[in-house]
Amino acid sequence: MGKGSNGGHENIFTMEATPIKYGPGASEEVGWELKRMRVGRVMLVSDPGIVASGIAPHIRELIEAEGIEVEVWDGSRVEPTADSLQAAADFARDGNFDGFVAVGGGSSIDTAKVSDLIATHGGEIMDYVNAPVGGGKKPPSPLKPLLAVPTTAGTGAEATTVAILDIPDQKVKTGISHQYMRPDRGVVDPMLTVTMPSSVTSSCGLDVVCHAAESYLTRPYDQRPKANNPDDRPPYQGANPIADMWSAKALEYGGKYLRRAVHNGDDVEARGHMMLGATLAGVGFGSAGVHIPHACAYPIAGLKHVYEPQGYPKDHPFVPHGWSVIVTAPAAFRFTYDAMPERHREVAELLAGEKIQNADENTLPEIIIQLMKDIGAPKGVRELGYDESDIDALVEGAMKQQRLLVGAPKDVTEDDLANILRESMENW
Ligand SMILES: [Fe+2]
């Protein structure tokens, strides 16, 4: 074996994180931040709700006050599709921008990432979408500067290397993932989420908890095949000591603050910690990766569009991302328990905020289920519009997410996924 070899397994991981400015009122410094990024003309990507709330117009004024030109694109939609992204990308390509600002939830941040990609490198969106759904093309060099200003506490999109999109004609959700998709800076201001409906806080917060738990329970980087060259090393590298720290802190915050943030929208301390938790979890899962619940979430969100969530725009039925991931988490972690029992106990302890004696495969699932009940999450996959007759199609959709499933701490078969989905029809 050669120098530093590990029996054909990976022995290298990297630590990368978006520089983040955090605090109540931090968004007042957006103009100052952009000036330091040396941009003169930016596309501000947002959505109609954030524009109507006054947040996007205020940020625009702050940027213009620094002498930077701003064009607002307010066409981001929840759960972007390749078509809705194409319109933003066309606007970006024609606009001659030298920088991008995203103000909104994960959808606006992802729309800005894709707009930046196409404006910088050209081509079609599908060229860059992960194979086998898209061409899997890698951007050849870094993109133009992107500053992300999240207004929800969930996706951690300000810290991650992925943009998620829906491909309706293939009934699949997938993504574009590459290191260069990571925003250059993030400004995280809890005051921007104060008007968020409690159901949105709940769904986004469960996404944070799920990201962090999955990342902590992913197959470690040094139990994966070694990359042939640095370019082939995936953004999702597997559990590693640095990702663990970020994920652990996010789990602690989720356990401690999510109930409070949902039940009292004015609790700025709780909202602030959930927002920070979303960013921490974004760094953690951006490094380690997510696996079974997120793989199942793609077909759950992509296959049927019948669920009408409370607190979201009423223009199209869809399953909010946080609901789509959390519903299979209890069964997924019951399944993965025997691959790393100690780490499952650690996740349970971080969420519970106390030491747990005699943990078993049901300990972590029960803690997650209690949290779901306490903050009004759906009971399971059935409530989102599916029944047993859909399991084969859901399994097929989840199996397409091999990029994620390779991160599960043990091998996952179609039968395993079918069992997990069946158990997840009702969690209580
Ligand atoms: Fe997620």
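**Sheet order and the setting of Thr155**

Strands β1 and β8 (residues 185-188) pair in the parallel sense over 3 bridges; two strands are taken to pair if DSSP finds at least two bridges between them. Helices (H or I, at least four residues) and strands (E, at least two) are DSSP runs, numbered from the N terminus. The model is predicted, so that local features need pLDDT of at least 70 and side-chain atom pairs count only at pLDDT 80 or more, whereas totals for chains, interfaces and linings use all residues. Residues are numbered from 1 along each chain as its sequence is written.

Within the β1-β8 pair, Gly186 of β8 is the bridge partner of Ile20. These strands belong to an open sheet of 6 strands with parallel pairing, in the order β1-β8-β5-β4-β2-β3. The edge strands, each pairing on one side only, are β1 (20-22) and β3 (69-73). From one strand to the next, the twist averages 20°.

Helix α3 (residues 55-64) lies across β2 (41-45), β3, β4 (99-104) and β5, and runs at about 165° to β3. Axes are lines fitted to C-alpha atoms, for helices over the stretch in contact, and angles run from 0 to 180 degrees between N-to-C directions.

The loop between β5 (146-150) and β6 (162-167) contains Thr155. Thr155 is buried, because 25 other C-beta atoms lie within 10 Å (buried: 20 or more other C-beta atoms within 10 Å of the residue's own, with C-beta atoms placed from the backbone). Leaving out residues up to four places away in sequence, Thr155 touches Gly105, Gly106, Asp207, Ala278 and His321, contact being defined as C-beta atoms, placed from the backbone, within 7 Å. Thr155 and Phe91 are 64 residues apart along the chain, and their C-alpha atoms are separated by 25 Å.

Definitions and conventions. A residue is buried if 20 or more other C-beta atoms lie within 10 Å of its own, exposed if 12 or fewer, and partly exposed in between; C-beta atoms are placed from the backbone. Two residues are in contact if their C-beta atoms, placed from the backbone, lie within 7 Å.
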